Amino acid sequence: MNVEEMETERISLRPWQDSDAETLFKYASDPDVGPRAGWPPHKSVEESLEVIRIVFNKDTTTWAIVLKETDEIIGAMGYGASCDCKLPTREGEPIVGYWVAKPYWNLGICTEALRLMLDHIRTTTDIQSLCCGHFVDNPASGRVMEKCGFVPTGEECIDESQYMGKDRPICVLRLELKNNRMNIRLEQSQDYREVENLTREAFWNVYRPGCTEHYVLNQYRTNPDFIPELDFVMEENGRIIGHVMFSKAEIILDDGNSFPSWTFGPISIHPDYKRKGYGLRLLQYALGKAKEIGIGLIQMEGNFEFYKHVGFNLASKMKIHYHAEPREAEVPYFLAQELIPGYWGNREGTYCPPKGYFVADENPEAFEVYEASFPAKEKNLQPGQLPQFCQSCGMPLTKNEDCGTNADGSINYDYCKYCYAEGEFLQKCTMDEMIEHCSQFIDEVNKNMPKQKTKKEYKQMMRGFFPMLKRWRIEKLMKERTI
Ligand SMILES: CC(C)(COP(=O)(O)OP(=O)(O)OC[C@H]1O[C@@H](n2cnc3c(N)ncnc32)[C@H](O)[C@@H]1OP(=O)(O)O)[C@@H](O)C(=O)NCCC(=O)NCCS
């Protein structure tokens with residue numbers, strides 16, 4: 001039987017070969033694996049070879065799950081004719097089967113492999129639906145199916161033909177493939193990790209090397225500004241493919257008073273589903289719900305070309321200024337929309353995003369620990385990102401060689417090589433001293449300036465800009481904390 005190869009960042013699915021018999025035996029002889037799936041542990045390499053030839057490569061469409069990092073086979077994933085099993089399948093409906101070697105359980109490997117195979121089935125076959133069953137006493141397998149969109153049919157059966165199946169009820173699930181069911185619902189606690197991973201996938205390297213939005217979300221759910229009634233996930237066939245959350249915010253009016261307002265984000269659509277209209281559908285729905293609960297005004301930073309489709313306009317047109325830009329500027333990425341007409345009226349004021357959005361900057365160590373709990377991903381400077389600047393001296397960072405280094409020798413994308421090396425700042429100085437230091441390079445800077453600046457003007461410009469750089473923001477926060 002012909003099976004194609006396919007892969008994710010972490011695993012690949014490839015056809016089984018005779019030469020895999022030994023590895024198959026190593027893991028399939030584990031008494032904790034086969035009996036859970038209804039087959040006896042393998043007793044010899046010869047038996048494993050026979051399974052590769054007669055079961056995997058003949059009667060079913062089965063792939064070896066390979067861990068790319070080590071190139072080792074760590075499981076199997078397949079589908080095939082219902083044959084003589086007792087699952088209540090529909091006419092001609094294939095069933096799905098899989099296992100993962102015990103040392104690799106609970107790392108999301110099986111879910112990832114099943115999703116990969118389902119994508120393949122969706123795109124290359126006409127299969128209408130798939131059936132799957134798991135022993136009731138094997139809930140991990142049921143969880144994998146549910147995460148991939150399988151829905152319990154409500155049936156339970158006994159299958160004596162399965163190894164040790166005589167007394168063990170099987171729970172039956174089905175996945176409808178030709179009936180794309182898109183659903184938006186409130187996020188639940190069991191979705192948290194999946195949604196944070198989705199957020200990480202959606203933002204990785206998009207605006208800057210790596211991303212921090214998944215950590216913002218992780219921390220925000222316990223923040224008093226978080227609005228649980230507006231924390232939505234979007235599913236297609238049971239798989240979470242989108243997410244959006246909202247936050248309370250405020251605008252400081254010109255008279256100094258605080259005016260209640262709201263913002264949203266991060267909003268994430270899984271990379272496989274981007275540019276297909278899902279983001280707008282999710283947002284339209286969420287904005288409708290926001291209006292229903294009395295939210296009058298929303299502002300946020302984003303791409304006008306996208307957000308204009310759901311009613312956003314430049315905030316400056318409503319006399320809402322952005323904290324990090326000159327008051328008179330028409331800020332192209334700062335957008336607003338009145339959900340309740342007249343809510344904002346003729347007021348004028350300035351908006352600063354809520355503190356919760358800066359958690360990764362405020363707690364870099366905690367963020368690092370959190371980030372390390374996800375599979376490693378390569379950070380990169382790449383075209384289309386926001387311009388990157390050294391967060392200590394403001395120097396533009398356009399290529400890896402411009403950047404500093406961390407203690408372990410990896411690239412640090414926050415700082416330039418002149419400010420930061422081997423995990424340390426090279427100059428221990430104050431922000432004013434740094435401004436003074438940078439002002440000596442005025443001639444260099446002037447080469448790229450449309451209008452020449454004097455040293456004094458340049459220093460003044462830096463005094464406006466530097467407080468927003470991460471190094472000085474953190475320093476200020478630390479000072480405030482110790483006061
Ligand atoms: C079932 C099996 C394939 C899962 O592989 P895996 O790579 O560990 O699966 P994943 O990590 O993708 O997902 C496992 C899920 O089950 C959950 N889980 C694990 N043990 C559980 C338990 N005792 N009760 C409830 N859920 C459990 C995990 O938390 C995880 O869900 P989460 O993402 O919500 O945290 C693996 O356990 C296995 O090979 N078992 C033996 C063979 C088998 O049972 N095959 C299936 C026959 S139907």
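Q: Which residue stands opposite Glu7 in S2?
A: That's Ser12. Labels like S2 come from DSSP runs counted from the N terminus: helices are H or I with at least four residues, strands are E with at least two. Keep in mind that this is a predicted model: local features need pLDDT of at least 70, side-chain atom pairs count only at pLDDT 80 or more, and totals for chains, interfaces and linings use all residues. Numbering starts from 1 along each chain, following the sequence as written.

Q: What makes S1 and S2 paired strands?
A: Pairing takes at least two bridges found by DSSP between two strands. Strand S1 (residues 6-7) and strand S2 (residues 11-15) are joined by two bridges, so they pair. They run antiparallel and form a hairpin with three residues between them.

Q: How do you know that S2 also pairs with S3?
A: S2 and strand S3 (residues 60-67) share five bridges, in the antiparallel sense. One of the partnerships sets Ile11 against Leu67 in S3.

Q: Why is Thr8, in the loop between S1 and S2, called partly exposed?
A: Count the other C-beta atoms (placed from the backbone) within 10 Å: 20 or more is buried, 12 or fewer is exposed, and in between is partly exposed. Thr8 has 15 such neighbours, so it's partly exposed. Thr8 also touches Glu112 and Leu116, leaving out residues up to four places away in sequence; a contact here is a pair of backbone-placed C-beta atoms within 7 Å. Ala113 is 105 residues away from Thr8 along the chain, with 8.4 Å between their C-alpha atoms.

Q: Why does Leu107 get the label partly exposed?
A: Leu107 has 14 C-beta neighbours inside 10 Å, so it counts as partly exposed. You'll find Leu107 in the loop between S5 and H4.

Q: What makes H7 largely enclosed by the rest of the structure?
A: Seven of its eight residues are buried, so the rest of the structure largely encloses H7. Among the buried ones are His214, Tyr215 and Tyr220. They pack against helices H6, H10 and H11 and strands S11 and S12.

Q: Which element has the highest mean pLDDT, and which the lowest?
A: H7 (residues 213-220) comes out highest at 98, and H15 (residues 470-482) lowest at 82. That score is the predictor's confidence in each residue, from 0 to 100. The chain mean is 92, with 98% of residues at 70 or more.

Q: What puts Ala37 and Cys110 in the shell around the ligand?
A: A residue is near a molecule if its C-beta atom, placed from the backbone, lies within 6 Å of it. There are 21 residues around the ligand, and Ala37 and Cys110 are among the closest. H2, S5, H4 and H5 each give two or more residues to that shell, and H5 gives the most, with six.

Q: What makes a set of residues a nonpolar core?
A: The members must be buried Ala, Val, Leu, Ile, Met, Phe, Trp, Tyr or Cys, joined through C-beta atoms within 7 Å. The largest such core has 47 residues, and those touching the most other members include Val244 and Ala286. S11 gives the most to this core, with seven residues. Apart from it lies another core, of 43 residues, including Met77 and Trp99.

Technical notes. Contact = placed C-beta atoms within 7 Å.
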